[in-house]
Structures are given as structure tokens and as C-alpha cells.
Amino acid sequence: MHPVILYALLALGAVGVALAMPRRTLNVQLIGGLIAAVAGGGAVLALTLAGLDALPNLHFYAFAFIALASALRMITHPRPVYAALYFILTILASAGLYLILSAEFMAFALIIIYAGAILITYLFVIMLATQAPSEERLDVLSDYDAEARSPVLATIVGFVLLGALTSMIFSGASSLPSVDVEAAAARDEAQLALLPRRIEEGLRKADLLEDDETLIMDPEDAYRVLIEIEPVPGGEDRRVVFVDERSGPDRAIELPADLRIRNVETLAFNFLNAHPGTIEIAGIILMMAMLGAVVLSRKQVQLDEEAKAEQTAALARMAEGGGPDA
Amino acid sequence: MLDSVMPFFTLAQSSAPGPFETVTLNHYLFVSAAMFALGVIGFLTRRNLIIMFLCTELMFQAAGIAMIAFARYWLNADGQTFVIFVLTVAAAEAALALALVVLLFRKRETLSAEAWGELKG
């Protein structure tokens, strides 16, 4: 499929969504919704049929643009709720970048934990800790939201920092030692060899095992059969060798090419095997935060004298001007 | 064997981001640095306590992107493991900071950071 078709479909979807927006004068929401649904369905169908003949670099630029643009909008938007929503957009775009970097587990954890939990907490607090707008001043922002504090100076500071970081990156990253790809691949194979169930499942799916064969034959002696993965000499394939400790290597099967360790498994090996204790540390951090939050929120707080006087004055003004019930 | 895996496996190395051919480690580091700078600017300019904490979350996020990019570059999962800590610390910070913000709001009925300008120490 030509990508132009996909982009045309997406543009059509955009038109549909724009039409579906609530509007005062001409209400074409239903038509817009239908157009958007047709375009979206067509795009999904086309992508599935084309096997995602994708443009990975374009994805990077798109996600980076969305992340940075919404981050900019977040720090400039005067209304806190909108700022939080734009931050959620930044999070989603970052999750896209994580996906390009093949960190699938962290991408979805980011969406669930950050966008789903942390940002919702922020939204709750924004709604809790906001003065109720008075009747005649519904749209007026608070002073501290409407005006930035020394914007020029802060921008200079931020961009000097960015310039320093950028020049460091461009002079430093090219002098990094090159990566030992073969060692990394060998480590992945060694980790895959620790997962006999995965290998068995993969071999069975590729019809390389007979129906009555299993990798772990004796449940009482589960590690009797050792698995080694080694490259086939002179070839491009890998094969799995089953070593019976008593009788030596007895059988070798070539592994299907797509039977490789997955991101979640790599992360799990790194998390639980290479760095034991990380879960405990994370748990302690979370528990301390929970205790602190409980202690803080149990405290009874009296309104300041100053703030109380201000509040009564505002109430009096409201009553004078007719009040909300008048 | 490795040749077939290479394009999915490595992140090319170069001195500066070229046009559209390859995306290098530097691209990701630049996005991360720009996001961090935006977070700093937001933290300095905004006067709303909640938005200031949101800006620290933005800086966390920038650090996370850098760590994931390095994890990919070195082909190991150490960076990804560390991002789990970033998430943990962000959650802990959200809980504590927001509890504090609610306390401060109850005391002064305002979210302005300047209302607390007389704090010493």
C-alpha cells in the first residue's frame, strides 16, 4: 500500500473530527463522527493489510514534535487543568519514543502509571485546591496563573542550560566506545536458554517437536535436561541443543528465527537477577511516601488570620453586589 | 545471523543529527535535553505550586527518555530498570507534594508560591 493513501485517510479522519466538534451555529456532529469512523477504520484496515511498511524515522520526528510542543503548551497554558492534560499528551508521546527504542514494557507502564495514576492525582488536587469562581468573575484567572514570573530571565537560563547540554552531547556521544553487539546477542541467547517453556512453545508452534515430546520430561528432576543455544557452524541459523547430563548431547534442533527473548523477559532478568533488591527499595520508597501523605493529611489546619480577613471581605463584597442567590 | 538483526538492534552513532536518514542516540538525547530545559523554564516562571510540581515531573520524564535511549544504545536493560525507579520516585513525589500543597492551600486559600515568601531556612 502506498503511504499516501494512509495519509489521505488520516487527513479525512482529521476533517471528520473537526466537524464533530461541538459548535454553536451549524451542528454536523453526526456526519463528522461518521467520516472520522470510516477514515479510522480504513486506516486500521490498510495498515493491517500492508503489514506496516513503516517509516521509523518519521515516527521519531512525529513523537518528538508532539512531546516537545505539548511540553511547551503545558508550561505556557494559564489554566492548571489544561496544563495537566497537555502533560498527559507529553507522556503519551514519550511512550511512543520508548516504543521506537524497543522498550515496550516501560512504554505501557508509563502510560498506566503516569498518565493513568499520577496525573489523575494531580487533576484531583487541581480541582480540590482552587477557589470557587464567583458568579460575575467566572472566566477570570488567578493573578498567579495569569502572569509568569520573570519569563525572559528564566528562558535565558533554560536555553543556556539546553545549549550547554547540547554541545556536551554532540562532542561527547561520538566518542563513546562502540557497542559489542555480538556479546549482547550471546547474552540474549543465554537468557533465552533459561526459559525451556518458551523454547518448547516456540518449537511446537513451528512443528519442530513431535507431539509426545516435551523439553522437561521428568517433573521430579526438572533440570535433568539442559538447554544450550549455539550457532550452527558456517551458517546463519541457531540451533538448540538438549544435553542430557548422563548421556551427553543427544539431539539438536534448529531454532526458528523469530524465537528470541522478548523485552519483558530481558527486563525481568535485569530487574530480578542482575539487580536483586530493587523491588524492595522501590517498595520502601513508596511506603515512606504513603506514610508521609497519611501523616500530612491527618493534620487539622486553621486558616491564617490574614486569609480569613480576605475571605470575609470577598464574601461581603459578593453580598453587596447581589450575591449568587439574588 | 547478526546481520539480519542489526537494524533492529543498534542505534547508530554519529557526531550530529543528520537529516532524515538515521536517527541516532544524539537525537534522543537532544529531545531529552530540550524537554528538561522546558521543565526548568516552567519551574522558574510559573507561580502556581501545582504547576511547579508538574514541571518537575516533566524533568523526570526527560531523564527517563535519556535513560531508555542509553539502554537501547548499550543493548542492555539497566536503563529500563532505572526508569522503574523514576516512576516510583515520581509517584512518591506526587503523593507527598500534593499532600503538602493541599495543606498549604487550606492555610492561605491560595496556590501562589509567593504567598510563602517569608519562609526562612
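Here's the short version: 76 residues of chain B are in contact with 83 residues of chain A, where contact puts the C-beta atoms, placed from the backbone, within 7 Å. This is a predicted model, so local features need pLDDT of at least 70, side-chain atom pairs count only at pLDDT 80 or more, and totals for chains, interfaces and linings use all residues. Residues are numbered from 1 along each chain as its sequence is written, while chains are lettered from A and ligands numbered from 1 in the order in which they are written.

**Chain B's side of the interface**
- Helix 1 (2-9), helix 2 (25-45), helix 3 (49-74) and helix 4 of chain B each chip in at least two residues; helices here are DSSP runs (H or I, at least four residues), numbered from the N terminus.
- Helix 4 of chain B gives the largest share, with 25 residues.
- Sorted by class, this side has 52 nonpolar, 15 polar and 9 charged residues (Ala, Val, Leu, Ile, Met, Phe, Trp, Tyr, Cys and Pro count as nonpolar, Asp, Glu, Lys and Arg as charged, and the others, Gly among them, as polar).

**A helix pair across the chains**
- Helix 4 (residues 80-100) of chain A packs against helix 3 of chain B at about 5 degrees, with axes 11 Å apart; axes are lines fitted to C-alpha atoms over the stretch in contact, and angles run from 0 to 180 degrees between N-to-C directions.
- The two are therefore roughly parallel (angles under 35 degrees).
- Among the residues making this contact are A:F87 and A:Y98 of chain A, and B:L54 and B:E57 of chain B.

**After helix 4 of chain B**
- B:E109, just after this helix, takes a positive phi of about 60 degrees.

Definitions and conventions: Contact = placed C-beta atoms within 7 Å. Parallel < 35°, antiparallel > 145°, perpendicular 65-115°, else oblique.
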